[in-house]
Protein chains: 4
Amino acid sequence: MRFIGVPVSAIRVTIWNEFVHERSTPAVAKIYPQGIHEAIRAFLSTDSEISVTTATLDEPEHGLTVERLANTDVLLWWGHAKHDEVSDEVVARVHARVNTGMGIVVLHSGHYSKIFKRLMGTTCAFRWREAGERERVWIVNPAHEIAAGLAESFVIPQSEMYGEPFTIPEPDEVVFISWFEGGDVLRSGCCWTRGAGRVFYFSPGHELYPIYHQPEVLRVIRNAVHWARPRGATANVPRNVPIAEAAETIAGQGLQLHDSTGNLLSK
Amino acid sequence: MRFIGVPVSAIRVTIWNEFVHERSTPAVAKIYPQGIHEAIRAFLSTDSEISVTTATLDEPEHGLTVERLANTDVLLWWGHAKHDEVSDEVVARVHARVNTGMGIVVLHSGHYSKIFKRLMGTTCAFRWREAGERERVWIVNPAHEIAAGLAESFVIPQSEMYGEPFTIPEPDEVVFISWFEGGDVLRSGCCWTRGAGRVFYFSPGHELYPIYHQPEVLRVIRNAVHWARPRGATANVPRNVPIAEAAETIAGQGLQLHDSTGNLLSK
Amino acid sequence: MRFIGVPVSAIRVTIWNEFVHERSTPAVAKIYPQGIHEAIRAFLSTDSEISVTTATLDEPEHGLTVERLANTDVLLWWGHAKHDEVSDEVVARVHARVNTGMGIVVLHSGHYSKIFKRLMGTTCAFRWREAGERERVWIVNPAHEIAAGLAESFVIPQSEMYGEPFTIPEPDEVVFISWFEGGDVLRSGCCWTRGAGRVFYFSPGHELYPIYHQPEVLRVIRNAVHWARPRGATANVPRNVPIAEAAETIAGQGLQLHDSTGNLLSK
Amino acid sequence: MRFIGVPVSAIRVTIWNEFVHERSTPAVAKIYPQGIHEAIRAFLSTDSEISVTTATLDEPEHGLTVERLANTDVLLWWGHAKHDEVSDEVVARVHARVNTGMGIVVLHSGHYSKIFKRLMGTTCAFRWREAGERERVWIVNPAHEIAAGLAESFVIPQSEMYGEPFTIPEPDEVVFISWFEGGDVLRSGCCWTRGAGRVFYFSPGHELYPIYHQPEVLRVIRNAVHWARPRGATANVPRNVPIAEAAETIAGQGLQLHDSTGNLLSK
């Protein structure tokens with residue numbers, strides 16, 4: 001096997017964090033003194049193929065300006081207590097950007113964020129319990145890029161239980177399924193595509209436990225960033241195709257409700 | 001083969017129509033003097049397993065009250081010029097009802113309705129042309145219930161072209177693909193599931209041509225109603241499962257951010 | 001809600017069982033004195049919409065003659081020790097029949113049968129353990145027909161562990177995921193379509209435990225029979241379409257390697 | 001945007017060609033004097049990330065020895081007249097290798113090869129016509145890696161018609177849909193996963209027309225090679241997990257049919 005050098009542009013990642021619990025709850029602050037986003041940033045920064053910035057709820061426009069999103073290849077999303085305070089305008093902007101190719105990795109309680117629900121079209125609900133119980137994450141699809149470098153399963157010693165039924169659309173691919181000490185299961189790593197953008201949901205990450213300091217969890221997030229990077233072009237639609245520009249030569253027949261540029265003549 | 005009698009409850013269908021073009025454009029009124037919804041109703045009423053009512057944009061709450069939706073098994077949706085005038089509240093209500101099991105059949109220009117975009121999570125856009133050209137609808141999956149009773153393909157003599165790329169999530173099942181005289185193709189009959197509800201999109205149906213008088217098209221709609229009827233139960237989520245009610249006996253460990261009923265102790 | 005009478009033809013079910021362990025192992029014989037197939041038959045016979053027969057390995061052609069299969073709507077398949085003794089000819093026959101619309105419900109160790117592997121195109125392998133441990137089957141998709149009448153989950157007190165990774169193609173729909181006492185999980189109820197036929201795999205059913213006497217398990221099988229029944233037509237392919245029969249008028253251009261009936265002129 | 005250097009191993013491609021028509025039919029020989037495989041090889045060799053070899057039917061073991069396959073990351077497959085002469089042993093070998101991670105790109109009449117049918121589990125049939133008619137390939141999913149660098153659609157001036165219904169399992173992703181002059185359509189570029197391996201089918205490529213000299217077609221094949229390269233690990237199954245090695249501590253209960261290494265005690 002030979003090795004060759006190829007130029008690759010860095011994947012531009014923005015980690016978005018609500019950043020509330022870390023400042024209001026001492027037990028959380030102890031684990032993530034700079035916030036969950038900084039713990040993840042510190043790890044992703046060690047990957048030379050990734051360039052990473054962060055954004056939080058309390059910044060203007062939640063830090064997610066048009067320009068910032070235009071320069072983001074993959075967005076990470078962690079939120080919990082303040083989902084409702086994320087402005088609808090910013091959610092619409094993120095949603096549109098995913099559809100034009102930005103990847104999004106939704107973490108833990110982000111399952112209930114406005115953006116995830118909007119991308120899924122479902123309620124994204126499940127059963128849950130905060131008991132500090134053991135979670136074992138099984139790799140269902142070891143050939144998937146998001147499972148690269150992982151063993152057959154890994155354990156999160158203390159985790160919040162999220163359990164089925166999880167009201168998501170049937171995933172395009174399920175990468176992980178979790179087992180919980182209390183008797184529950186969850187599709188804990190799931191992939192979808194929305195427009196030109198890829199979506200990955202990964203459930204581990206309760207703020208009261210040091211889950212984002214765990215190597216396997218960080219590896220999954222890094223893998224997901226690589227998987228979710230933009231791959232191709234955005235569809236050039238909606239678009240009216242005038243008769244004169246049809247692929248095959250045709251003549252217009254019958255009445256029309258639209259003018260030659262596609263605008264409704266009357267409503 | 002023997003035949004047996006089984007009791008079956010009728011499928012309760014509500015046909016929702018914007019009902020604008022039929023009153024503002026004489027050419028449309030000529031084809032659908034009572035409105036598109038009435039043309040479809042007349043046909044569905046011949047099916048003894050279906051009970052059908054209609055609702056239109058100008059009714060209070062667009063005719064889609066909480067009670068009406070609670071008593072609807074399958075909703076049909078036709079809209080075009082006035083998508084923006086459908087209230088967000090009613091859209092949210094329909095969306096929630098689909099997730100609890102109501103089927104929805106989205107017709108033609110309904111691809112750009114608020115409700116369809118909300119269910120899909122994408123822009124639901126495509127290329128289009130109003131040239132009265134010939135469309136041939138191919139049955140890609142003849143074993144599918146929605147294709148029952150159809151031949152290998154059928155022709156719509158004059159149709160509006162809707163062409164790929166169509167920015168929908170990869171369908172669970174593609175039943176029809178259309179060929180257009182002008183050189184285009186479209187996945188014209190597509191299935192998804194959202195929560196407990198089934199979603200079918202069927203593209204033929206331009207208001208300027210007598211498409212909803214065509215037997216094959218009406219047959220597709222009737223088949224889709226049968227396919228989209230509710231099948232099972234709604235997930236009982238979100239729901240906190242207290243430690244004492246865990247499936248396996250466990251003891252709570254570590255700190256908690258929520259009280260025993262699942263409410264956040266502080267934000 | 002009103003009720004109406006409709007004629008429905010009974011679903012013709014054939015239960016195929018290897019029928020080895022029940023005759024060679026006293027512990028199994030005690031649980032299924034007439035064989036696993038008879039236990040399932042006794043239950044399915046209580047459903048007036050189902051007519052049921054059985055077939056076993058030691059019958060001529062394993063009981064699966066051309067005529068028998070032609071008159072079967074849904075085939076159940078239980079095998080374990082003698083997968084290799086099922087003739088390739090019968091497997092090819094069953095495979096062809098599924099593709100023309102017969103449903104198939106593959107049970108437990110049938111995951112490793114020739115027919116299931118042939119339908120899937122993968123190795124259909126997993127990790128496993130025979131420890132009589134507790135299995136909890138979670139309903140992931142309560143709206144699915146196969147989950148009808150079940151609670152949120154049900155327990156199999158003693159079960160054989162089948163654990164991920166399970167090398168199947170991504171299912172069209174996952175209905176059940178199982179939790180095991182020993183720390184494992186499995187996608188234990190999965191749906192696919194192959195040609196005009198539906199395929200369901202359901203993992204519980206170890207011969208050493210009375211699993212096919214358990215009401216929830218029997219209910220799943222009955223539901224699966226209803227779900228897997230034929231729905232529509234078989235595609236009329238392969239088929240040469242002569243130029244003169246093209247949907248659109250075209251003239252043949254250039255050279256041809258085939259004659260007008262589609263046969264290769266030379267190889 | 002910054003660029004960085006990363007080491008990448010070349011993708012090892014083997015192009016398999018039946019290589020019959022090019023030697024028996026002068027009209028084909030004129031277009032592909034060295035064979036279809038050499039035309040494709042010449043193009044792929046211009047990609048520094050790909051290393052390419054070829055294999056043909058008449059070589060010992062059809063050129064697909066155990067060692068050759070072990071050193072192949074992506075296999076291309078073109079066959080037509082001699083599908084039946086490919087040995088079952090080699091087919092089983094290729095099938096197993098796909099399941100352990102080798103990608104496979106099946107071209108044109110390869111839809112009817114033993115290996116493609118075995119991977120799909122269906123009949124892989126369709127309607128067809130050899131009329132030299134125009135085919136327009138539409139990019140349904142422009143964000144997909146296999147569509148990279150292509151315009152909205154491209155035309156094959158003379159093509160063999162392959163038309164729906166195409167009896168394949170619902171693809172994981174449809175990248176291309178073709179329009180034919182004679183009124184037909186086809187899902188002409190489709191993706192699946194089987195085990196650890198990726199499968200892509202691409203329909204254009206009739207041997208009588210210079211289709212593999214067309215830049216867009218070659219670009220699709222090159223993109224498909226990149227897409228189909230192995231991504232991760234192979235599942236370590238089947239495997240017995242003794243009670244002592246269970247993830248959670250459990251005690252064996254009840255009877256067992258297998259010994260501690262997982263072998264059946266009796267059949």
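How many residues does the contact take from chain C and from chain D? The contact takes 58 residues from chain C and 57 from chain D. The structure described here is a predicted model, and the values below are computed from it.

On the side of chain C that touches chain D, four elements of chain C each supply at least two residues: α6 (114-120), β6 (127-139), β9 (185-194) and β11 (239-240). Of the elements of chain C, β6(C) gives the most to this side, with 7 residues. By residue type, the side of chain C that touches chain D divides into 25 nonpolar, 20 polar and 13 charged residues. Strand pairing also links the two chains: β6(C) and strand β11 (residues 239-240) of chain D pair in the parallel sense, over 2 bridges. Within this pairing, Trp128(C) has Asn240(D), a residue of β11(D), as its bridge partner.

The relation between chains C and D was examined by superposition. A turn of 180 degrees, with a shift of 0.0 Å along the axis, lays chain C on chain D with an RMSD of 0.0 Å. This is the relation of a two-fold axis. Gly121(C) is the residue of chain C that comes closest to the rotation axis, with its C-alpha at 2.8 Å. Of the interface residues of chain C, 98% are also interface residues in chain D, so the copies meet through the same surface.

A further contact joins chains B and A, taking 58 residues from chain B and 57 residues from chain A. The side of chain B that touches chain A receives two or more residues from each of α6 (114-120), β6 (127-139), β9 (185-194) and β11 (239-240) of chain B. With 7 residues, β6(B) gives the most to this side. The residues of the side of chain B that touches chain A comprise 25 nonpolar, 20 polar and 13 charged. Here strand β6 (residues 127-139) of chain A runs parallel to β11(B), and 2 bridges join the two strands. Asn240(B), in β11(B), stands opposite Trp128(A).

Chain A was then considered on its own. Its secondary structure comes to 7 helices and 11 strands. Along the principal axes, the C-alpha atoms of chain A fill a box of roughly 70 × 55 × 35 Å. Chain A has 267 residues, and buried residues make up 59% of them. Among the contacts in chain A between residues at least 6 apart in sequence, 69% join residues at least 24 apart.

One pair of residues in chain A shows how positions separated in sequence can be placed in space. Asp47(A) lies in the loop between α3 (36-44) and β3 (50-56) of chain A. Asp47(A) and Arg222(A) are 175 residues apart in sequence, while their C-alpha atoms are 8.3 Å apart in space. Asp47(A) counts as partly exposed because 15 other C-beta atoms lie within 10 Å, a number between the limits of 12 or fewer for exposed and 20 or more for buried.

In chain B, helix α7 (residues 215-228) has 14 residues. From its first C-alpha to its last, α7(B) reaches 20 Å, close to the 20 Å expected at 1.5 Å a residue. The buried residues of α7(B) include Val217(B), Val220(B), Ile221(B), Val225(B) and Trp227(B). Arg222(B) and Asn223(B) are also among the buried residues of this helix, as are Ala224(B) and Ala228(B).

Definitions and conventions. Residues are numbered from 1 along each chain as its sequence is written. Chains are lettered from A and ligands numbered from 1 in the order in which they are written. This is a predicted model: local features need pLDDT of at least 70, side-chain atom pairs count only at pLDDT 80 or more; totals for chains, interfaces and linings use all residues. Two residues are in contact if their C-beta atoms, placed from the backbone, lie within 7 Å. Ala, Val, Leu, Ile, Met, Phe, Trp, Tyr, Cys and Pro count as nonpolar, Asp, Glu, Lys and Arg as charged, and the others, Gly among them, as polar. Two strands pair if DSSP finds at least two bridges between them. The expected span of a helix is 1.5 Å times one less than its number of residues. Copies are superposed by least squares on the C-alpha atoms of residues with pLDDT of at least 70 in both.
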